[in-house]
Structure formats: C-alpha cells, structure tokens
Amino acid sequence: MRYVFILLALSAQLFAVTNRIEIIIITPPEVLLSPGQTVQMHAYGYYSDGTVTDFTSKVTWSSIQSSIATVSSTGLVTMKGAGSALIKAAYSGYKGYGTVWNKFTPFIRVKPSTASFGKIEHIVYIVKENRSFDSYFGTFPGANGATSGTISTGQVVTLGHLPDPPTHDMGHEWTDNHGNIDGGRMDRFDLELTCSVNGDMACMDQLYQSDIPNYWSYAQSYGLADAAFSSVSSGSYPAHLAMISGSAQRVLDNPRSTQPAQWGCDAVAGTTVPFMQTNETVAAEFPCFSATTIGDLADAAGVSWKAYTMLSTESGYIYNPFRSFSSIFYGSDWTTKVVDEANFIPDALAGNLPALSFVTPPSIDTDHPPDSACIGENWTVQQINAVMQGPASQWANTVIILTWDDFGGLYDHAAPPYRDQFGLGIRVPFLIISPWAVQGVYHTEIEFASVLRFMEETFRLPSLGGVDKVANDMQDAFNYSQTPLPPLVLSERNCPARPADAPAFDPDDLED
C-alpha cells in the first residue's frame, strides 16, 4: 500500500508540473466607458491541458491608473474620468490585463481604390518574425521613429544598441501586448516577460542602419510603412491566421500541447488554443478551422497561388498558416500549392511565380530573437534578388510585401489604433517593394488585412468578410504613372558569430 501512495504522490506531482496555468485572460479586453459608467470584467485561467477555469472570484484585481478607473475585489470597474486605465488580475504569480478607455485611439481610414487591377500580376508576401518598427527603423529619416522610450517608473530611457544576435527572446504574447500598450501609453515594456536578463534591458534596445543595411536599402529605394500594425494584440499564431483569412478566428494566443510545434490540423490529440467566444467567455479549441482563406478565394476565381513555406518535420513548420485551415489541409491544395520554401527562388528566377505567393522561412532565418537579424536578412535578400533577377517582365508587374508578424517584445512608441477586441497590435516593420511603389515613407495606417484587401482588389476576388472589409487597402502606396523603379540586387553580408556561450535554443521557450 505504501508504494501505491508513492505512485499517487508522484502522479500528482507530475500532473502539477504538466497541467500548469499558461495564461490569464481578462474579458472584455477593451471597453469604452464614460465617467460614472461601470463594466464587470472576468478573468479566465487557461491551463496547459486545455482546460479553462473562471478565475474572476480568485484573482486579485487592481487598477494601474486608479484616478481614472477603479476596480472592486470582484472585478467591477468604474470609470472615474477621462483617459484610459489598465486593469490587472493577478493569481499565483500570473497576471492578465484589460483596458477601459474614455476614448479609443481612432483608426484613420482612407478612400479605397482598385488602381492595381490590370497593373499588378504578382504579389509576393514575405513574412518574418518578431521585430518592432522602432527596433529596426526607429532612426530612419522621415519616419515616425524613436530613440528613447518611457518605462513603468515614468523614467525616459535612451534606447540601447541591441546586439546581433540578441542573447534571448522577450515576451510578446497576449498578456505582454496588453500590458505594454497600457491604454496607449506604451510604457510597460520593462515589465514584460524576460525584457531584461542579467540587467540587459534588451526590450528597450534597437538596431541601427549598420546592423541591417540591406533592409534599410529596401526602405530607402522603395516604400517603408511607418504605420503598419499587427492585426492582433498577441503573438505569432493568431497573427498568421489573420494573414490568410482576414480574422484571428477569435484565437487569443499560441497553441499548447504535450508535443512541440502542434500548430494546426495535424496537431496531436489534446492540443488546444485559447479563444474568446462571442459572449466573451474564454474556452479552448483544437487549432484547425473551417474558415475561408485567401487561397480558397483564389481557387474559386482561377487565380494561381502558392505558399512557399516549411513542410511537416521541418524547422519553421509552425509558421505555415495554411495547416490550420481544413479546406486547405485536407484538400488537394495541400500537396500541390503548399510547397517547400526552397522552390521559391527557382520559380522566381524562371519567371514562374503564381499570382499570389506566400513565403515564410526556416526558423533560423526568421529574425526571431535570439536568432540573428543578419542571417535572416541574408535569406530575405536571396528571395528578393531572385524576383529581381528573374525576367524583367515579371518584375515590371510585381509587388513584394515584406513584414514581420509581431513586435517580438521589442519597444515601440506608437499606440495602436483600436479596431476591435482582438487588435490592432503593436507596430511592425513593413516594406513595399515594387517598380510602382511610391518611394519614401508611407504614413497610411495599415495592418495585415490591408494586404488581403489589396490582393482582392488586384485580382477581383470577393471579400473574405473579415477585417479586410475595413482595412486600408494600400493602393495609395503606388503610382502607376511614375517612371518605374529599377531592381535593387543586393549582396549578402558576413554575419557576426553567435557568442560561444550562447544557448543553442531559446531557454524561455517562446518560439512564436
């Protein structure tokens, strides 16, 4: 009997380790209130086994700006005055955030257009990982950048020089996004997960032109958007869903599983992802969705497309967004149009690009901290060079969009405009490369759904019916009457070596 008790104790310990709290989520995440109005907030704990528990009565509630809004011990928020207040729910070392606003940061819309129809025949959408605008282009002339930032103490600090490769990853998921934004103040990055390791305050650092000269060359020669925001106030998984479907599918964070890299319809049983239901309660769902993607629209219209991405068992497969949509994963497209990213360069050089190309790299080439921006830049240059060195007729009617899926925990000073309960998220670098790009800094507010809308207008596809209906369409970033900009073929660089004592993988396991 003694051994039975020992086994039970060991099992309990194992369960305690494996079934841990992953995230605390407050709903509703964003609330508009006038002074004197109230709202009941709820807190949910999402566990690693996919269970969700209502923590509303268990958490400790507090308001970071109590002069603007107060919160009771049961989560009832009362708006006191103008401004915004960050509401925190804390439980057993974990925390979640919601925000009440007297006035949302407005999203500025511009008149849509269809000018690209008949002018553009190829759109290449290259998606990298985890850098903020200020971390790459904060010192770019004419851009809305920053070289200093405010931290949670109210101190204004000079942004340091981020080493390349960086020494560690930084928190950049749902909780970090909402805490950092702090009702538009953008002043709590120093409190995010692993902002600082051994006092390095890496999240408040940035790279300079000399660190990423080829990215800067593209920005100087073509278009650099300085008001491009992630579609979701979260990390990679919901962002990648939004990039091809116009919606994050109400997903709030990355999938959790007993096995690594379970980000799609082929995930092992028991894999779940937290999502917010229409009644604003939080639940868990298997990461495979029946929604329509831009690939489905293209199929129906006879428009060619390919996803040049990583396939099963390859590093970087988690960034293959089409594996999360049943119409693609279980259909013929999965073996004919979702292809290995190694096929992109020969297709581009031969002039065989489809109308729509979605391109994601192997993990080491994503720019994702602690991976090297230089190595990632070299991979990007290889892809873009191939387009530019292909047939001149192909370059003449091509648009290349190069962006990053989320801010990666790195500081950005620009408050995201409000769109809905899921976004917009923190600003990311965004380059528009084409013979017809308006050269210089492009200031129109855009998001990932802007690319989808541009695709729809260019090839006369119907709307996906998501945020692509309201996103600015980027048409004002092009001038089809200008003298076409020439190709810019760049050389790869010799990259700095990783320090000898650097870990082979990110010890924080934030590979998203």
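1. Cysteine 195 has a relative accessibility of 1% and counts as buried, and its partner cysteine 203 is likewise buried, with a relative accessible area of 0%. In this predicted model, the two residues form a disulfide in which the sulfur atoms stand 2.2 Å apart. The torsion about the S-S bond is -60 degrees, and the link of cysteine 195 and cysteine 203 is left-handed.

2. The bond just described belongs to a group, since a search of the whole structure finds three disulfides. When the bonded cysteines of the protein chain are numbered in sequence order, the pairing reads 1-2, 3-4, 5-6. The remaining pairs are taken up in the next two points.

3. Cysteine 265 and cysteine 288 form a disulfide with their sulfur atoms 2.0 Å apart, and with 85 degrees about the S-S bond this link is right-handed. Cysteine 265 lies in the loop between α5 (236–245) and β18 (273–276), while cysteine 288 lies in the loop between β19 (282–285) and α6 (294–301), so the pair ties together parts that are 23 residues apart in sequence. Cysteine 265 is buried, its relative accessible area being 6%.

4. A disulfide also joins cysteine 374 to cysteine 495, with an S to S distance of 2.1 Å. Its torsion about the S-S bond is about -80 degrees, so the disulfide is left-handed. The pair links distant parts of the chain, with cysteine 374 in helix α10 and cysteine 495 in the segment after α12 (448–458), 121 residues apart. How exposed are the two ends of this link, cysteine 374 and cysteine 495? Cysteine 374 is buried, with a relative accessible area of 0%, whereas cysteine 495 is partly exposed, with a relative accessible area of 26%; the latter value falls in the partly exposed class because buried is reserved for residues under 20% and exposed for those over 50%.

5. Helix α10, which holds cysteine 374, can be checked for its length. At 1.5 Å a residue, its 17 residues should span 24 Å, and the end C-alpha atoms are 24 Å apart, which agrees. The helix is mostly covered, as 14 of its 17 residues are buried. At the start of α10, a side-chain oxygen of serine 372 comes to within 3.1 Å of the backbone nitrogen of cysteine 374, the residue that is also joined to cysteine 495 by the disulfide.

6. The largest nonpolar core has 108 residues, and the members that touch the most others are Phe137, Ile294, Leu356 and Phe358. Helix α10 (residues 373–389) supplies the largest share of this core, seven residues. Apart from it lies another core, of 21 residues, among them Val39, Tyr47, Val59 and Val77.

7. What does phenylalanine 358 contact, once its neighbours within four places in sequence are left aside? Its contacts are Tyr125, Ile244, Ile294, Trp305, Lys306, Ala307, Tyr308, Phe322 and Met455. One of these, Ile294, is also named with Phe358 among the core members that touch the most others.

8. Strand β1 (residues 21–27) is mostly covered, with seven of its seven residues buried. It pairs with strand β4 (residues 42–47) in the antiparallel sense, over six bridges. Within that pairing, the bridge partner of threonine 27 in β4 is histidine 42. As general background for reading such a pairing, side chains in a regular strand alternate between the two faces of the sheet.

9. Histidine 172 sits in the loop between β14 (160–161) and α3 (174–181). This histidine 172 is buried, at a relative accessible area of 1%. A polar atom of its side chain lies 2.4 Å from the backbone oxygen of methionine 170.

10. Glycine 246 is found in the loop between α5 and β18, the loop that also holds cysteine 265. At 1% relative accessibility, glycine 246 counts as buried. Where does the chain return to this residue from far along the sequence? Glycine 246 and leucine 464 are 218 residues apart in sequence and 6.4 Å apart in space, C-alpha to C-alpha. With neighbours within four places in sequence left aside, the contacts of glycine 246 are Leu241, Leu452, Leu464, Gly466 and Val467.

Key
Residues numbered from 1 in each chain as written. Predicted model: local features only at pLDDT ≥ 70, side-chain atom pairs only at ≥ 80, totals over all residues. Heavy atoms only, no water. Buried < 20%, exposed > 50% of the residue type's maximum accessible area, 1.4 Å probe, protein only. Helix = DSSP H or I, 4+ residues; strand = E, 2+ residues; numbered from the N terminus. Pairing = 2+ DSSP bridges. Polar contact = N/O pair within 3.5 Å; in protein donor to acceptor, adjacent residues only side chain to side chain. Core = buried A, V, L, I, M, F, W, Y, C linked by side-chain atoms within 4.5 Å. Contact = heavy atoms within 4.5 Å. Expected span 1.5 Å × (residues − 1). Disulfide = S-S within 2.5 Å.
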